[in-house]
Amino acid sequence: MSDDGYFSEAVAKTYDEVHGRLDPALIHQTVEVLYQLAEGKAVLEFAIGTGRIALPLCERGCPVTGVELSRSMVAELTKKKAASGIDVHIGDMTTTRVEGKFSLVFLVFNTIDNLTTQEAQIACFRNAAEHLQPGGRFLIETQVPPIQTLPFGESLSAFACSPRHMGVDDIDIATQCYTSNHVWIDGDRMTSLTIPFRYVWPSELDLMAKLAGLELEHRWSDWGKSPFDRLSKSHISVWRKT
């Protein structure tokens with residue numbers, strides 16, 4: 001693993017191509033929800049990456065500050081013309097502090113799972129709370145732990161299968177830790193990447209929020225604010241600083 005964590009220069013250069021080209025309508029919907037929650041005021045994004053959400057949110061009218069561990073990801077962000085209006089700090093989202101207080105801190109795209117211990121995830125909540133103004137909000141978008149489809153005693157779950165990309169999660173339900181194993185195929189060239197994660201239940205996130213002085217305000221299944229229920233595969237949760 002490099003100083004950039006698992007998001008090295010090679011990963012950063014292809015990140016937008018592999019992960020960033022999502023439905024423009026979904027990006028717009030995401031930005032609108034964030035803008036409304038922030039009430040148009042200053043926001044802080046943990047793990048800002050290449051600016052997939054931060055750039056359109058900044059263009060929408062919210063002043064955006066970012067924290068990002070990977071210098072290579074930030075290098076890709078700063079190549080983009082609109083990035084000049086975003087203040088980015090290199091560091092860990094569990095400990096890095098920036099100037100000012102924010103109306104909204106947010107962490108999207110399952111990135112809470114990149115923190116591979118419960119202690120680190122709690123520290124992330126506490127760091128978010130320290131950056132919030134009174135009444136400010138912390139938002140996380142992440143998956144519901146993907147273990148309901150595992151047969152008893154099994155640990156492998158495929159999440160991608162195409163001519164260019166194959167992916168398998170190896171899940172340990174005793175520790176809540178898992179690894180995502182990717183293989184990309186481009187003609188005769190094959191590249192692979194394995195990244196460790198820790199999945200976390202919505203109820204566990206709520207307890208982490210309480211430890212940080214935050215109370216649950218909203219939980220939706222998606223950016224369209226569909227109700228969260230037993231069939232939801234992901235959730236967007238919002239906690240407010242009391």
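A crossing of two helices is right-handed if the near helix is turned clockwise from the far one by less than a right angle, and left-handed if anticlockwise. The exercises below use this term on a predicted model.

**Exercise 1. Helices H5 and H6**

Describe how helix H5 and helix H6 pack, and state which residues make the contact.

Solution.

Step 1. Take the geometry. H5 covers residues 118-131 and H6 covers residues 202-211; the angle between them is about 50°, and their axes are 8 Å apart.

Step 2. Classify the angle. Angles under 35 degrees count as roughly parallel and those from 65 to 115 as roughly perpendicular. H5 and H6 are therefore oblique to each other.

Step 3. Assign the hand. The crossing of H5 and H6 is right-handed.

Step 4. List the contact residues. H5 contributes Gln118, Gln121, Ile122, Phe125 and Arg126, while H6 contributes Glu204, Leu205, Met208, Ala209 and Leu211.

Step 5. Sort them by character. Six residues of this contact are nonpolar, two are polar and two are charged.

**Exercise 2. The buried side of H6**

Which residues of H6 are buried, and what covers them?

Solution.

Step 1. Apply the cut-off: a residue is buried under 20% relative accessible area. In H6 this holds for Pro202, Glu204, Leu205, Asp206, Met208 and Ala209.

Step 2. Compare with a general rule. An α-helix has 3.6 residues a turn, so residues three or four places apart point the same way.

Step 3. Find the cover. The elements over the buried residues of H6 include H5, S5, S9 (189-198), S10 (214-220) and S11 (234-241).

Step 4. Look past the end of the helix. Gly213 follows H6 and has a positive phi, near 80°.

**Exercise 3. The sheet of seven strands**

Give the strand order of the sheet that contains S4, name its edge strands, and place H5 and H6 on it.

Solution.

Step 1. Write the order. The sheet is open, has seven strands in the order S3-S2-S1-S4-S5-S11-S10, and its pairing is mixed.

Step 2. Identify the edges. S3 (87-90) and S10 each have a single partner strand, so one side of each is left without a neighbour in the sheet.

Step 3. Add the twist. On average, neighbouring strands of this sheet are turned by 20° against each other, direction ignored.

Step 4. Place the helices. H5 lies across S1, S4, S5, S10 and S11 and runs at about 145° to S5. H6 also packs on the sheet, where it touches S5, S10 and S11, and its direction makes about 150° with that of S10.

**Exercise 4. Strand S4 and its partners**

To which strands is S4 joined, in which sense, and over how many bridges?

Solution.

Step 1. Take one partner. S1 (residues 43-46) runs parallel to S4 and is joined to it by three bridges. Val43 has Leu104 of S4 as its bridge partner, and Leu44 has Val105.

Step 2. Take the other named partner. S5 (residues 132-143) pairs with S4 over five bridges, again in the parallel sense. Here Leu104 stands opposite Arg137 of S5.

Step 3. Check burial. S4 (residues 102-107) is mostly covered, with six of its six residues buried.

**Exercise 5. The sheet of four strands**

Describe the sheet that contains S7 and S8.

Solution.

Step 1. The order is S6-S7-S8-S9, in an open sheet with antiparallel pairing.

Step 2. S6 (156-161) and S9 are the edge strands; each has a single partner, so one side of each lacks a neighbour in the sheet.

Step 3. Neighbouring strands of this sheet are turned by 15° against each other on average, direction ignored.

Step 4. Within it, eight bridges join S7 (residues 165-172) to S8 (residues 177-186). Ile171 stands opposite Tyr178 of S8.

**Exercise 6. Three loop residues**

Locate Ala47, Asn110 and Thr94, and classify each as buried, partly exposed or exposed.

Solution.

Step 1. Ala47 lies in the loop between S1 and H3 (54-60). At 23% relative accessibility it counts as partly exposed.

Step 2. Asn110 lies in the loop between S4 and H5. Its relative accessible area is 29%, which makes Asn110 partly exposed.

Step 3. Note the backbone. Most residues other than glycine have a negative phi. Phi is positive at Ala47, near 60°, and at Asn110, near 65°.

Step 4. Thr94 lies in the loop between S3 and S4 and is buried, with a relative accessible area of 14%. Beyond its neighbours within four places in sequence, Thr94 contacts Leu115, Ala120, Ala123, Cys124 and Asn127.

How values were computed: Residues are numbered from 1 along each chain as its sequence is written. This is a predicted model: local features need pLDDT of at least 70, side-chain atom pairs count only at pLDDT 80 or more; totals for chains, interfaces and linings use all residues. Side-chain values use heavy atoms; hydrogens and water are left out. Axes are lines fitted to C-alpha atoms, for helices over the stretch in contact, and angles run from 0 to 180 degrees between N-to-C directions. Helices (H or I, at least four residues) and strands (E, at least two) are DSSP runs, numbered from the N terminus. Angles under 35 degrees count as roughly parallel, over 145 as roughly antiparallel, 65 to 115 as roughly perpendicular and the rest as oblique. Contact means heavy atoms within 4.5 Å. Ala, Val, Leu, Ile, Met, Phe, Trp, Tyr, Cys and Pro count as nonpolar, Asp, Glu, Lys and Arg as charged, and the others, Gly among them, as polar. Buried means under 20% relative accessible area, exposed over 50%, partly exposed in between (1.4 Å probe, protein chains only). Two strands pair if DSSP finds at least two bridges between them.
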